[in-house]
Amino acid sequence: MEPSPAKSSFLRNILVRALLFGVVLIVVRFAYVVTIAGESCNLGDFCFFSLPDNINLVIAGAGSSASASAAVVKEVAKSQSTAPKRRDLRKSKEWIKAVRFYSSVFQDLMVDAFLSPGQRTLCVGSVAGEDVFALRDIGVMDSIGIAKKASPPLVKSGDLLGLPFADDTFDFIFSGGGHFDRFSRPVDVAAELERTLKLEGFLVVHVRANDTYSFNSFLEMFKQCTLLRSLDIDGFESSVPRIREIVLKKVGDSDIHSHLIRKSKVSSGNKCSVPEYKQKLVWNAEPLIEEEPLKPWITLKRNIQNIKYLPSMVDISFKNRYVYVDVGARSYGSSIGSWFRKQYPKQNKTFEVYAIEADETFHDEYKAKKAVTLLPYAAWVKNETLFFEINRDPDHKVEVVKGRGMGRIQPKQSSAISDGEVIQIKGFDFAEWLKRTVSAKDFVVMKMDVEGTEFDLIPRLFKSGAICLIDEIFLECHYNRWQRCCPGERSPKYERTYGQCLHLFNSLRQSGVLVHQWW
């Protein structure tokens, strides 16, 4: 029995309508995925096609072979297929822009013979592998990146303070994007880069250093490299429109010795010479108060508003440690808590804090301050027992704590009658302690308020060479100033004059030491 024509037509209409409905559904789904959800057609979500694994990303001006470029991208795409689904940075406009930037940079380095296709290269601090991709794309195929977080296959994870590579592994090492500025321990990273770089190899770093201080601080981190070139180039990020490109070369032992001598300018013996780039900073400091103030307790305190702090003038990023030494600290709130913690510009650096205070009245307070190391002794020119006089000077009533005034040390007990309490304390060679505690690669700030002993300690710092370890000094100089309590009368506590204090400040600045008048 044959089916009737009416029944066949009915079934045909149902099939046609079902097919049309399916086509409409696929089209709507495709439009949603591409235009609204913002995804791509390689996700398999009802798309008509998927991108081929070996698609080639053309970099303008790259000058590389198509096969090499295709191989690089194919490797990237292959890794993506096995990785968890997430936003693919390698398809963003920012990533492509970065690749083009680094391609141009590396081609310039090739022209200048710092880079060649046969070299083994390492990119340090690479986030998404733009620099590694650019190297491979121009033919430097033996390239790998390393960062805290991996981005396979271009970037592997690793500790920058202990690179997982043998000594003398790479011919060329690169660190771009200003990553070096943000390393928490740049000196240790620099040592690792030198260790893994081959002799006669090249190290190229992009930093934000735009002042002489930070530039020289950067160079001082490298013991085995010599500077070949430094130039400012246009960056590819709006946040960093200009960046400095520094090219270094790892040199031999004989070259290192002569290079370091030229760079350090250290004379024979313990004495040192403050580098010229530090001396120039003194020219930008606030002027000294030349005329003796009639009300020093007001004038000198107001002067803090005029102080030009070193971190407000230069970038202090390229230092190993950051150290604050308070000599004559008294209580925590006297200067550490009230001034240094709150007002000193630290550029988001964490400082080690040392409080040097001989008066045992304040020692218990520091037991609760975990971030402060207390040295319960008197800073002096040598290790010996001293006499510590607590003088109740009427000008320091505001400083009296538990009935004790400001203390000052004496190498020998005076036969003169003293109104204050005299006790024995231990003194230590402050200059030698400083030389053992910090190095020239550290950023060191010192505040000194030692009740007249500055006229002994400062010359000792110069003689020992320790003065060159200090980047910035806040010094209170004590003299026979006018008394607040008794108009027309000078304090009998100190024999020095304001003129002698001014001479001390001028001698420090003329030697290239950035010193400020403290109150």
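R195 and E192 both sit in helix 5, three residues apart, about one turn of the helix. An α-helix has 3.6 residues a turn, so residues three or four places apart point the same way. The side chains of R195 and E192 meet in a salt bridge, at 2.9 Å from N to O. This is a predicted model, and the distances come from its coordinates.

The two partners differ in cover. E192 counts as buried because its relative accessibility is 11%, under the 20% cut-off. R195 counts as partly exposed, at 23% relative accessibility.

Helix 5 spans residues 186-196 and also holds E194. What happens to the charge on this residue? E194 is buried yet has no salt bridge. The nearest side chain of opposite charge is K441, 6.8 Å away. A salt bridge needs a side-chain nitrogen of Lys or Arg within 4 Å of a carboxyl oxygen, so K441, at 6.8 Å, does not qualify. Leaving aside residues up to four places away in sequence, E194 touches F222, K223, Q224, C225 and K250.

C225 and K250 lead on to the strands. Strand 6 covers residues 225-237, and strand 7 covers residues 240-250. Ten bridges join strand 6 to strand 7, and the two run antiparallel. One of the pairs is E237 with V240, its bridge partner in strand 7. Strand 5, residues 197-207, also pairs with strand 7. Six bridges join these two, again antiparallel. Here V207 stands opposite R244 of strand 7.

How much of strand 7 is buried? Eight of its eleven residues are, so the strand is mostly covered. R242 counts as partly exposed, at 45% relative accessibility. R242 forms a salt bridge with D234, and the closest N and O atoms are 2.4 Å apart. D234 is exposed, with a relative accessible area of 52%.

Another salt bridge lies in helix 12, residues 430-437. E432 and K435 are three residues apart there, about one turn of the helix. Their closest N and O atoms are 3.8 Å apart. Both are partly exposed: E432 at 25% relative accessibility, K435 at 29% relative accessible area. The pair belongs to a network of salt bridges that links D429, E432, K435 and R460.

R460 takes us to helix 13, which covers residues 454-464 and is among the elements that cover the buried residues of helix 14. Helix 14 runs over residues 498-510. Its 13 residues reach 18 Å from the first C-alpha to the last, close to the 18 Å expected at 1.5 Å a residue.

Which residues of helix 14 are buried? They are Y498, C501, L502, L504, F505, L508 and R509. These cover an arc of only 155° around the axis, which puts them on the same side of helix 14. The face turned away from that buried side carries the exposed residues H503 and Q510. Besides helix 13, the cover over the buried residues includes helix 8 (276-282), strand 16 (472-475) and strand 17 (515-517). Just after helix 14, G512 takes a positive phi of about 90°.

Now the whole protein. It has 14 helices and 17 strands. Buried residues make up 49% of its 519 residues. Of the contacts with a separation of 6 or more, 71% come from residues 24 or more positions apart. A search of the whole structure finds 22 salt bridges. R195 with E192 is one of the salt bridges, as are D234 with R242 and E432 with K435.

Note on methods:
Residues are numbered from 1 along each chain as its sequence is written. This is a predicted model: local features need pLDDT of at least 70, side-chain atom pairs count only at pLDDT 80 or more; totals for chains, interfaces and linings use all residues. Side-chain values use heavy atoms; hydrogens and water are left out. Helices (H or I, at least four residues) and strands (E, at least two) are DSSP runs, numbered from the N terminus. The expected span of a helix is 1.5 Å times one less than its number of residues. Buried means under 20% relative accessible area, exposed over 50%, partly exposed in between (1.4 Å probe, protein chains only). The arc is that of the directions from the helix axis to the C-beta atoms. Contact means heavy atoms within 4.5 Å. Two strands pair if DSSP finds at least two bridges between them. Lys and Arg count as positive and Asp and Glu as negative; His and the chain ends are not counted.
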